[in-house]
Amino acid sequence: MLTIDGVTVRLGGRTILERASATVPVGARVGLIGRNGAGKSTLMKALIGEIEPDAGEISKPSRARIGYIAQEAPSGNMTPEEVVLASATERAALLEELETCTDMDRMGDVHDRLLAIDAYSAPARAAKILSGLGFDEVMQQRPVESFSGGWKMRIALGALLFSEPDILLLDEPSNHLDLEATLWLENFLRFYPATLVVISHERDLLNKVVDHILHLQGGELTLYPGGYDAFEKQRAERAAQLAAAKASQDAQRARLQDYVARNSARASTAKQAQSRAKMLARMQPIAALMEDPTLSFDFPDPEELRSPMITLDQAAVGYGEAPPILRRLNFRIEADDRIALLGRNGNGKTTLARLLASQLEPAEGEVNAPGRLKVGYFTQYQVEELAGEDTPLDLMTRAMEGGAQGAIRAQLGRFGFSGSRAQTRVDKLSGGERARLALALITRDAPHLLILDEPTNHLDVDAREALIQALNGYTGAVILISHDRHMVELTADRLVLVDGGTAREYAGSMQDYIDFVLGRKPSRESRRGGAGKQRGSRSRDTADEIRTAKSELAKAEKEVVRLTADLEKLDAMILEHSNQSGAKMQDTLRARAEAVDVLAIAEEKWLAAGTALEDIEQG
């Protein structure tokens, strides 16, 4: 059992954790969540002993092995396979002992122990983990030093998973992964046999992997049973209860204050007034659940642009004199498209994005786009480069050179940088705030096309939901590269697979692609291969019909999601004011009844759109 008992941690004069307490049962699978900057990583460091609490204590089983990724990525001439195998320290020590051992009895004991810990199958297990994290056979034998920082962190993650600690601690493990590796990791963690505590903002992982949510807010911890969806429901109920309790306490406080004010000067009631004043002083304020009012994404809508927005005709793209990375690129981007690029890291997704953003010229073929097309291109490098003493206002003023002060502040306000927040030094902003600032900068001229390459890496769950809503309300086109499956499913109408040196429309659904990545079934393209050779290529008309049908299905699904969220808000309002009566409650109940009817119609349209797509695909 892992116990956190009244832990307080102060860093740089700021209290990060304050009397935080929680108990994690043995074998529990816990998702540690909280807003950016809440102190999740600080708590992790306290759990491994890297930070000593100022008060309280953390206790864990005395012989339990705790696993946590080191701050420094592995380096040197060892291969990824060797690094992963070396993480099994007992196996490595036994094999080393065996090389010099001359005592036959001891050799027998060593062999018995190696068999007991399944040491001889270790290379196969290491290879399987590395393969799941994106390393092919050739990559597994390359020196670690030849990999980039992101790939080195994958090696470190592979070594940690292979070592199978009794308590596995993971801090945003998917930040360096693509969608495919994220899916593999999620599947691996579902069957992890020991205690797991994972910091993650991936809604799917938090729903499918964990059985408890440990919520860190205001320096305190609260443990909720279930996954993230269950947590959200419980948090909404708790928020309503707190709001009701706070309203009751505020009313009581007002009555006491009024009594004290009216009766303190009168001798006959001064004693009672003094008693009530003491009662006021002892009354602990009930804090409402903290919500960040600056959590904001609002993309400016572009001027209308006729379709197609971009046309690729036998285009190829690469770098310098080297052979092109992608060839035979043939597709169109419409003015209202929502496209997700799929494929493992290294297959060329970012290269294609840079071609569409006009950062790379085609090596062959043509890329046609209207001259007035404006593109907003977001990458992690932009977030990392935002540093120093500049403020958001300084950066936006330079970016919108000559722009009116009102327009500059309005653009910052769209992304939560209003008032004094616009003049906060960038190096004082959190990673999530810098991501919002980068998005504000790239959309300052209302682009027709947004290209977002991993926009969620620094965003917590609530911020990701706000970004999804903003993208669904944006009237321009979106091209998305993301390992966040939840975001892809709720924003993308089209899937484009970047693989095998080209990019092509993916005929299946997102679930089909997930099943293919996890080896549950072959891709839809491969299943259709034999028949496709006999029939020849699908006609352009049919392909257009499928694309239109998929777009209609995605739009219908988004409408259902939106209406469901509206209904949940009405339910929360009814719960919050359940002790009230009168016209306001009746209006809310009528609004809910209407919302139910509208949702039912939207669900029928969604089902009909799905049936229409199936009919077209089946011929």
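Is Thr 8 buried or exposed? At 5% relative accessibility, Thr 8 counts as buried, because the limit for a buried residue is under 20% relative accessible area. The structure discussed here is a predicted model. This briefing covers Thr 8 and its contacts, a six-stranded open sheet, the crossing of helices H5 and H8, and helix H16 with its surroundings.

**Thr 8 and its surroundings**

- Thr 8 belongs to strand E1, which comprises residues 2-11.
- Leaving aside residues up to four places away in sequence, Thr 8 touches Thr 15, Leu 17, Glu 18 and Arg 19, and also Pro 53, Asp 54 and Ala 55.
- Thr 8 and Glu 220 are 212 residues apart along the chain, yet their C-alpha atoms are separated by 9.3 Å.

**The six-stranded sheet**

- Six strands form an open sheet in the order E5-E6-E7-E3-E8-E9, and their pairing is mixed.
- The edges are strand E5 (66-67) and strand E9 (220-225), each of which pairs on one side only.
- Within this sheet, E3 stands next to E8 in the strand order; strand E3 (residues 29-33) and strand E8 (residues 212-217) pair in the parallel sense, over four bridges.
- Leu 32 is placed opposite Leu 214 in E8.

**Helices H5 and H8**

- The axes of helix H5 (residues 122-132) and helix H8 (residues 179-190) come within 8 Å and cross at roughly 135 degrees.
- H5 and H8 are therefore oblique to each other, since an angle over 145 degrees would be needed to count as roughly antiparallel.
- On the H5 side, the contact involves Lys 128, Ile 129 and Gly 132; on the H8 side, Ala 181, Trp 184 and Phe 188 meet them.
- By class, this contact has four nonpolar residues, one polar residue and one charged residue.

**Helix H16**

- Helix H16 has twelve residues (431-442), which at 1.5 Å a residue should span 16 Å; the end C-alpha atoms are 17 Å apart, which agrees.
- H16 is mostly covered, with eleven of its twelve residues buried.
- The buried residues include Gly 431, Gly 432 and Glu 433 at the start of the numbering, and Leu 439, Ala 440, Leu 441 and Ile 442 at its end.
- Arg 436 is also among the buried residues of H16, as are Ala 435, Leu 437 and Ala 438.
- Four other helices pack against the buried residues of H16: H13 (380-385), H14 (392-399), H15 (405-413) and H17 (461-473).
- Strand E14 (375-378) and strand E15 (449-453) also pack against these buried residues.

Key:
Residues numbered from 1 in each chain as written. Predicted model: local features only at pLDDT ≥ 70, side-chain atom pairs only at ≥ 80, totals over all residues. Heavy atoms only, no water. Helix = DSSP H or I, 4+ residues; strand = E, 2+ residues; numbered from the N terminus. Expected span 1.5 Å × (residues − 1). Buried < 20%, exposed > 50% of the residue type's maximum accessible area, 1.4 Å probe, protein only. Contact = heavy atoms within 4.5 Å. Axes fitted to C-alpha atoms, helices over the stretch in contact; angles between N-to-C directions. Parallel < 35°, antiparallel > 145°, perpendicular 65-115°, else oblique. Nonpolar A, V, L, I, M, F, W, Y, C, P; charged D, E, K, R; others polar. Pairing = 2+ DSSP bridges.
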